[in-house]
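Please find below a colleague's note on the structure shown here. The points address strand pairing, the ligand shell and one database annotation.

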Amino acid sequence: PEAPLKVAVTGAAGQIGYSLLFRLASGSLLGADRPIELRLLEIEPALKALEGVVMELDDCAFPGLAGVQIGSDPRKIFDGVNLALLVGARPRGPGMERSELLSANGAIFTEQGKALNDVAADDVRIGVTGNPANTNALIALSNAPDIPKERFSALTRLDHNRAISQLAQKTGAPVTDITHMTIWGNHSATQYPDLFHAEVGGRNAAEVVDDQDWIENTFIPTVAKRGAAIIDARGSSSAASAANATIDAARDWLLGSAEGDWVSMAVVSDGSYGVPEGLVSSFPVTTKHGEWTIVSGLEIDDFSRGRIDASTAELAEERDAVVELGLI
Ligand code: NAI
């Protein structure tokens, strides 16, 4: 039998953690046959709450859960991990400036990047969910010089899944008929969910929809602002769906994306599609055996060009801000 996969989760006592840990432990990541060991990182004041969550994990008697460790020292928790899901981040408080948010998160992702660099397993993969996810991933990878940059990604899979669901509802097709969806750019309101390469039952989605006004004024803003709509309705931000997307992204990364389709992942740009090299930006990617490859050769029309450029300009601004703060 294979050794358990060591999976670190940060912010484990938070909302997303409360959904994510149980899905991981029940086998949603690699199947029920491959045991996993959980390494849960929290800040000191949240460790007591995390102990309560671990009591509940115990009470599930998950057959595939080989062990759980908790703590507040990333160098201990990340020791030997194969997968690190960086979920914990500083939320934007009332009246908090963007630069304050970036520096609070900068401190977290600088420390965690260094710790991963020094103690994670040689095959480690790192997925960043905590916001601002793309720039947090950039900070972490910049502080982990010995880990290949390709081992880091930021989560745009929730946006991807939201876009699939909205298109399925619009066309009446089942979600399984929707393929080749792409989120480009930043996990933020500037993201660009692209229907010009997506397909519905093998037909071009923009042609099936045949309604540019709906694409521009309903579809794109609904997907891009879905997070705020959830907060309005639920009184707190998306958690179960974010946990689900975190698992979808990690599973596809480790096991491979579906044959004949692609997924959206924010990864370090090699300059593809005019996205400045080095930015962590969402692309259409295929994955296999823990490696991702940006889908090449897609034609980008003027409308898509403008949207991709706007979102990557925002990413460049975020990068410049963290450079100015001395974080990278
Ligand atoms: P939450 O506030 O309920 O939980 C965050 C947890 O992180 C807290 O328990 C906190 O103590 C912990 N934490 C803070 N600093 C930490 C550190 N240095 N080390 C370890 N843990 C630390 O937040 P929630 O709802 O679980 O969301 C987590 C993050 O995910 C937020 O940044 C949120 O904006 C982001 N998010 C991202 C999505 C995406 O699609 N990329 C979707 C939804 C949320």
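**Notes on strand pairing and the ligand shell**

1. V200 stands opposite R203 in β11. The model is predicted, and this pair is a convenient place to begin reading it. The two strands concerned are β10 (residues 199-200) and β11, which pair in the antiparallel sense over 2 bridges.

2. What is the strand order of the open sheet of 3 strands? The order is β7-β10-β11, and the pairing is antiparallel. Strands β7 (178-179) and β11 (203-204) stand at the edges and have a single partner strand each, so one side of each is left without a neighbour in the sheet.

3. Strand β13 comprises residues 280-288 and is mostly covered, with 7 of its 9 residues buried. Its pairing is described in the next two points.

4. Strand β12 (residues 263-268) pairs with β13 in the antiparallel sense, and 6 bridges are found between them. Within this pairing, V263 has V285 of β13 as its bridge partner.

5. Strand β14 (residues 291-294) is joined to β13 by 4 bridges, and these two strands also run antiparallel. Residue V285 reappears here, with I294 in β14 as its bridge partner. V285 is thus bridged to V263 as well as to I294.

6. How many residues lie between β13 and β14 in the hairpin that they form? There are 2 residues between the strands, and H289 in the turn has a positive phi of about 45 degrees. A reader checking backbone torsions may wish to locate H289 in the turn.

7. Turning to the ligand, 28 residues surround it, and those that come nearest are G11, G14, I16, G88 and A89. By class, the shell divides into 14 nonpolar, 12 polar and 2 charged residues. Helix α1 (residues 15-25) supplies the largest share of the shell, namely 3 residues.

8. Why is the ligand said to lie between domain 1 and domain 2? Domain 1 (5-154) and domain 2 (157-318) both give residues to the shell around the ligand, so the ligand lies between them.

9. An unreviewed UniProt entry carries the annotation "domain: Lactate/malate dehydrogenase N-terminal" for residues 6-150. Over residues 6-150, the chain in the model is 42% helix and 18% strand. The end C-alpha atoms of that stretch are 19 Å apart.

Terms used:
Residues numbered from 1 in each chain as written. Predicted model: local features only at pLDDT ≥ 70, side-chain atom pairs only at ≥ 80, totals over all residues. Near = placed C-beta within 6 Å. Nonpolar A, V, L, I, M, F, W, Y, C, P; charged D, E, K, R; others polar. Domains from an automatic or database assignment. UniProt positions renumbered as here; feature names shortened; annotations may be inferred. Pairing = 2+ DSSP bridges. Buried ≥ 20, exposed ≤ 12 C-beta atoms within 10 Å, placed from the backbone.
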